[in-house]
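Hi there,

Here is the structure I promised to pass on to you. Have a look at it first, and then read on for what I found.

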Amino acid sequence: MPVLVAPELPAGRLTRLAQPTLATSSPAGPVTVRPWAAADAPAVLDAYADPAIQQWHVRSMTSDEAHAWVAHWPGRWADETGAGWAVEADGVVAGQVSVRRLELAEAWAEISYWVLPHARGRGIAPAALDAVTGWLVSEVGILRASLTHSTRNPASCRVATKAGYLPEGTLRRQGRHADGWHDMHVHARLADLGADGA
Ligand SMILES: CC(C)(COP(=O)(O)OP(=O)(O)OC[C@H]1O[C@@H](n2cnc3c(N)ncnc32)[C@H](O)[C@@H]1OP(=O)(O)O)[C@@H](O)C(=O)NCCC(=O)NCCS
């Protein structure tokens with residue numbers, strides 16, 4: 001059956017680009033958003049040992065799995081299904097931002113992030129989220145970047161709001177966590193609307 005709407009972005013739109021390194025800053029200092037390297041696997045292992053990251057990202061990892069997780073991102077880029085960046089501050093891995101889902105035909109990306117416990121409370125996640133979103137909009141042509149977080153995770157709500165992702169509503173019992181179903185809050189940033197939605 002014919003599709004009656006042309007793709008907003010063609011296949012190949014991501015792979016024609018090299019994954020960038022983005023320099024930005026948080027209120028606490030410079031932040032670098034860069035592709036993952038094999039040497040980052042121990043930091044990823046530490047991250048997924050943290051109870052809060054386990055709680056909100058609903059997974060743990062062995063060392064082998066952390067190496068495989070770091071190594072799988074170039075394949076996601078090549079398939080145009082996602083992208084992952086390490087977020088570095090003070091010369092060490094502080095966190096990550098990733099495009100967990102990408103629909104080029106719809107010019108839509110869904111974003112995820114975490115920050116290691118030692119780096120929290122310095123505005124690193126909003127800075128990195130803003131940098132990745134700006135790049136997705138200006139270089140890839142993404143029109144809508146969205147994210148969801150549990151309504152029981154106010155810190156993530158603050159990150160989204162500070163990075164210009166306006167709240168759009170609540171998906172009831174949409175997120176399955178270790179302690180059961182959570183209502184999920186949706187936020188999005190649209191390419192043609194400012195942070196105030198106008
Ligand atoms: C949510 C998270 C990404 C925030 O990252 P961050 O770089 O600390 O972000 P910020 O510094 O902007 O802080 C965001 C909020 O976290 C809370 N916070 C501040 N200091 C904190 C600390 N030391 N530890 C935990 N939370 C803190 C505050 O509510 C803050 O909001 P405010 O700036 O309005 O006071 C990070 O806490 C995290 O990775 N948590 C566990 C995993 C997670 O929740 N991922 C998101 C799933 S949707």
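The UniProt entry, which is unreviewed, carries the annotation "domain: N-acetyltransferase" for residues 31-187. Please keep in mind that this is a predicted model. Over residues 31-187, the chain is 36% helix and 38% strand, and the C-alpha atoms at the two ends lie 23 Å apart.

Now to the inside of the protein. The largest nonpolar core is made up of 37 residues, and I111 and L136 have the most contacts inside it. Which elements give two or more residues to this core? They are strand 2 (29-35), strand 3 (83-89), strand 4 (92-103), strand 5 (108-115), helix 4 (124-140), strand 6 (144-150) and helix 5 (154-162). Helix 4 gives the most, with nine residues.

You may like to click on L136 and look around. If you leave aside its neighbours within four places in sequence, L136 is in contact with V99, A109, I111, G141 and I142. Apart from this core there is another one, of 16 residues; V44, Y48, M61 and W69 are among them.

One more residue to find is D40, in the loop between strand 2 and helix 1 (41-47). Is D40 buried or exposed? D40 counts as buried because its relative accessible area is 7%, and buried means under 20%. Leaving aside neighbours within four places in sequence, D40 is in contact with R34, V70, A86 and V93.

Enjoy exploring, and write back with any questions!

Best wishes

Note on methods
Residues are numbered from 1 along each chain as its sequence is written. This is a predicted model: local features need pLDDT of at least 70, side-chain atom pairs count only at pLDDT 80 or more; totals for chains, interfaces and linings use all residues. Side-chain values use heavy atoms; hydrogens and water are left out. A nonpolar core is a set of buried Ala, Val, Leu, Ile, Met, Phe, Trp, Tyr and Cys residues joined through side-chain atoms within 4.5 Å. Buried means under 20% relative accessible area, exposed over 50%, partly exposed in between (1.4 Å probe, protein chains only). Helices (H or I, at least four residues) and strands (E, at least two) are DSSP runs, numbered from the N terminus. Contact means heavy atoms within 4.5 Å. UniProt positions are given in the numbering used here, feature names are shortened, and annotations may be inferred rather than shown by experiment.
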